[in-house]
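The exercises below are to be worked with the sequence and the model at hand. Each task is followed by a solution in steps.

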Amino acid sequence: MPKTITISPVSRIEGHAKITIHIDDRGTVKDARFHVNEFRGFEKFCEGRLMWEMGGITSRICGICPTSHLITSAKAGDDILAVTEFERLGGETYVSTDDGSLGEAGFVTRVLERKLDKYPCAEVYACGPMPMLAAVEQVCGTRNVPLQVSLEAHMACGVGACLGCVVKGAGHSDQAPNYLCTCKEGPVFDAKELDWGRAVATGTGCPQGGCR
Ligand code: FES
C-alpha cells in the first residue's frame, strides 16, 4: 500500500522546512520532496551580473549549506543554457562565452561560422540579445542560410493594440513605414522580414532601437 513518510520540521535550516518521501505499493521510493517557504532574497546584487558568477556568490550567502547553494545555482545556470536538454535530445551542443569561463571563448558567431562551414545546408534558429541576432543574421545572410529569429520585446497588451513591441520590418523607411508587432506577427520571424540593415547601422543592433 502506498505511503508517505514525512520529516517535519527539518532542523539545521533557517525557517520551516519538511521532507516528504512517497513510497509505492512495492516499497519503492517514487518521489521525494523538500518543502520550504520560498522568498525573494538578495536578488539586487545579482542583477546585471554574469550568470557564471552566481555559483561563487550564492555559495557564500548561507553559512549552513554552501554546497547546496553552489549546486543549485550551477543547475540553474545549466537550465538557462538548456545544455543538458539539448544533449538529451541528441544534439551536438556547443557553449561559448565572452571570457571563456564556460565553453569556448568568443562570440557565438565564431562557432556558427565553423558549423556552417561543415553543414552549409543547415537552417538556423536563433534567440537572444538583438546585437547577437544581428551578428547571426549577417553570418547567415552572407551565406544565404535560412534563419528564423525569436525576438524579445516589452509587451503591454499582447494583441497588437498598444504598438509597444513593434520592430522595423524589411523595407522600412520614414516614407513607407513597415512596423511589425512582436506579439502578434512574431515573436518568431523569418530574418528576411526584418530591417537588419538599419539595426546594424544604428549600432544598437536592434530593429526596435531599445534593446542593448
Ligand atoms: S504588446 Fe501591444 S502591440 Fe504588442
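**Exercise 1. The hairpin of β2 and β3**

Task: Determine which residue in the hairpin of β2 and β3 takes a positive phi, and establish how the two strands are joined.

Solution. Step 1. The hairpin has five residues between its strands, and G27 takes a positive phi near 80° there. This value, like the others below, comes from a predicted model.

Step 2. Strand β2 covers residues 17-23, and seven bridges join β2 to β3. The two strands run antiparallel.

Step 3. Individual pairs can now be located. T20 has R33 of β3 as its bridge partner, while H22 stands opposite D31 in β3.

**Exercise 2. The sheet that contains the hairpin**

Task: State the strand order of the open sheet that includes β2 and β3, and explain why one side of each edge strand is left without a neighbour.

Solution. Step 1. As background, strands of a sheet pair through backbone hydrogen bonds, in either a parallel or an antiparallel manner.

Step 2. This open sheet consists of three strands in the order β1-β2-β3, and the pairing is antiparallel.

Step 3. The edges are occupied by β1 (3-7) and β3; each has a single partner strand, so one side of each has no neighbour in the sheet. From one strand to the next, the twist averages 15°.

Step 4. Consider next the pairing of β1 with β2: five bridges join these antiparallel strands. K3 finds its bridge partner in β2 at I23.

Step 5. Finally, examine the cover over β3, which comprises residues 29-36. A residue is counted as buried when 20 or more other C-beta atoms lie within 10 Å of its own. Among the eight residues of β3 the count of buried residues is zero, and the strand is hardly covered.

**Exercise 3. A sheet with mixed pairing**

Task: Identify the edge strands of the open sheet that contains β6, β7 and β10, and describe how β7 is joined to β10.

Solution. Step 1. The order of the three strands is β6-β7-β10, with mixed pairing.

Step 2. β6 (124-127) and β10 (188-190) are the edge strands, each pairing on one side only. The twist averages 25° from one strand to the next.

Step 3. β7 spans residues 147-150 and is joined to β10 by three bridges, the two strands running antiparallel. In β10, D190 is the bridge partner of Q148.

**Exercise 4. The packing of α4 and α5**

Task: Decide whether helices α4 and α5 are roughly parallel or roughly antiparallel, and classify the residues of their contact.

Solution. Step 1. The axes of α4 (residues 108-118) and α5 (residues 130-143) come within 10 Å and cross at roughly 20°.

Step 2. Angles under 35 degrees count as roughly parallel. The two helices are therefore roughly parallel to each other, and α4 passes α5 in a right-handed crossing.

Step 3. From α4, the contact involves V108, T109, L112, E113 and L116; from α5, it involves M132, A135, V136, V139 and R143. These residues divide into seven nonpolar, one polar and two charged.

**Exercise 5. The chain as a whole**

Task: State how many helices and strands there are in the chain, and what percentage of its residues count as buried.

Solution. Step 1. The chain has six helices and ten strands.

Step 2. Of its 212 residues, 14% count as buried.

Step 3. Among contacts with a separation of 6 or more, residues 24 or more positions apart account for 32%.

Note on methods
Residues numbered from 1 in each chain as written. Predicted model: local features only at pLDDT ≥ 70, side-chain atom pairs only at ≥ 80, totals over all residues. Axes fitted to C-alpha atoms, helices over the stretch in contact; angles between N-to-C directions. Helix = DSSP H or I, 4+ residues; strand = E, 2+ residues; numbered from the N terminus. Parallel < 35°, antiparallel > 145°, perpendicular 65-115°, else oblique. Left-handed = near helix turned anticlockwise from the far one by under 90°. Contact = placed C-beta atoms within 7 Å. Nonpolar A, V, L, I, M, F, W, Y, C, P; charged D, E, K, R; others polar. Buried ≥ 20, exposed ≤ 12 C-beta atoms within 10 Å, placed from the backbone. Pairing = 2+ DSSP bridges.
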